[in-house]
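The following paragraphs lead through a protein structure residue by residue. Please keep the sequence and the three-dimensional view at hand while reading.

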Amino acid sequence: SIPVELKTNTSPIKQISAGYQVSLALTESGKLYNWGSTYLLSIVIPEGVQGNIAQFDDNPNIVIALTKDGEVVPLTNSTNSYTAVPEEVQGNTVAIALSDESAAALTEDGRVHTWGNNVYGSMNVPEEIQGHVTAIEGGRYHFTALMDDGEVISWGDNTHGQASVPASFNEKEIVTVYAGFYQNYAVTVDGDVETWGLKGYV
């Protein structure tokens with residue numbers, strides 16, 4: 001059930017996630033709350049991190065937090081492919097994203113850094129986008145990024161066309177992107193939602 005402290009919390013919720021048997025909520029004050037089953041996913045928030053979280057992302061294996069200081073912190077006591085965070089992203093990361101096998105950090109200079117397992121080429125960031133990325137999202141085995149000129153780029157698993165951005169998108173002014181399991185969503189400046197990839201599968 002939802003933690004009592006979250007129910008009585010006076011700080012607005014800024015981010016939520018309904019994961020596989022686990023739910024998470026992040027407040028504006030930087031506190032992350034989780035509830036549900038701990039059988040598959042054990043979440044450990046280190047001392048000094050709670051109350052200083054700016055963003056989080058999760059998959060069935062792990063939760064990773066981005067602190068207000070730009071530090072990337074895996075919320076686990078285990079050592080795995082997700083915990084090998086590159087030193088060069090610490091202190092200057094502005095956004096994070098997870099696929100099912102790898103992680104990505106967007107740094108202040110518009111570059112994307114990846115680590116983990118390179119399944120379906122999810123870690124093969126196109127060199128031409130480096131220095132121009134403003135947002136990053138992760139699907140199951142792919143990533144989708146928004147460029148500073150409004151262009152949308154995807155890479156990694158393309159089994160269902162999720163890494164093939166429709167050419168017509170270059171004619172639209174995209175302001176937000178989101179990556180689902182096998183598909184993507186893009187929101188235009190007019191509030192329209194565009195999709196590509198496997199339809200009907202969230």
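Does Thr27 count as buried or exposed, and at what relative accessibility? The model under discussion is a predicted one. In this model Thr27 has a relative accessibility of 0%, and it therefore counts as buried, since that class covers values under 20%. Thr27 is found in strand β2. Leaving aside residues up to four places away in sequence, Thr27 touches Leu6, Asn9, Ser11, Pro12, Ile13, Lys14 and Tyr33.

A second buried position is found in strand β3, which spans residues 32-36 and includes Leu32. Leu32 counts as buried because its relative accessibility is 2%. With residues up to four places away in sequence again set aside, the contacts of Leu32 are Leu24, Ala25, Leu26, Ile45, Gln50, Ile53, Phe56, Val63 and Leu75. A longer span can be drawn from Leu32 to Thr176: the two are 144 residues apart in sequence, and their C-alpha atoms are 24 Å apart in space.

The salt bridges come next. How many salt bridges does the model contain? The count comes to four. One of them joins the side chains of Glu5 and Lys31, with an N to O distance of 3.5 Å. This pair links distant parts of the chain, for Glu5 lies in helix α1 (residues 4-7) and Lys31 in the loop between β2 (22-27) and β3, 26 residues apart. Glu5 has a relative accessibility of 44% and so counts as partly exposed. Lys31, at 31% relative accessibility, likewise counts as partly exposed.

Another salt bridge is formed by Asp100 and Arg140, whose closest N and O atoms are 3.3 Å apart. Here too, distant parts of the chain are linked: Asp100 belongs to the loop between β7 (93-98) and β8 (102-107), while Arg140 belongs to the loop between β10 and β11 (142-147), with their positions 40 residues apart in sequence. The two partners fall into separate accessibility classes: Asp100, at 13% relative accessibility, counts as buried, whereas Arg140, at 23%, counts as partly exposed. The reason lies in the cut-off of 20%, under which a residue is called buried.

Glu194 and Lys172 form a further salt bridge, with 3.5 Å between the closest N and O atoms. This pair also links distant parts of the chain, with Glu194 in strand β15 (residues 193-197) and Lys172 in the loop between β12 (152-156) and β13 (174-179), 22 residues apart. Because its relative accessibility is 31%, Lys172 counts as partly exposed.

Attention now turns to the surface. Which residues gather there in a patch of negative charge? They are Asp69, Glu71, Glu87 and Glu88. Of this group, Glu71 is located in the loop between β5 (63-67) and β6 (72-74). Glu71 has a relative accessibility of 31% and therefore counts as partly exposed.

A final point concerns the backbone. What is the value of phi at Tyr120? It is near 60°, a positive value in a residue other than glycine. Tyr120 is situated in the loop between β9 (112-116) and β10 (133-138). At 51% relative accessibility, Tyr120 counts as exposed, because that class begins over 50%.

Key
Residues numbered from 1 in each chain as written. Predicted model: local features only at pLDDT ≥ 70, side-chain atom pairs only at ≥ 80, totals over all residues. Heavy atoms only, no water. Helix = DSSP H or I, 4+ residues; strand = E, 2+ residues; numbered from the N terminus. Buried < 20%, exposed > 50% of the residue type's maximum accessible area, 1.4 Å probe, protein only. Contact = heavy atoms within 4.5 Å. Patch = residues over 30% accessible without salt bridge, like charges linked within 9 Å, V, L, I, M, F, W, Y side chains within 5 Å. Areas by Shrake-Rupley, 256 points an atom, 1.4 Å probe, with all protein chains shown as cover. Lys, Arg positive; Asp, Glu negative; His and termini not counted. Charge placed at Lys NZ, Arg CZ, Asp CG, Glu CD.
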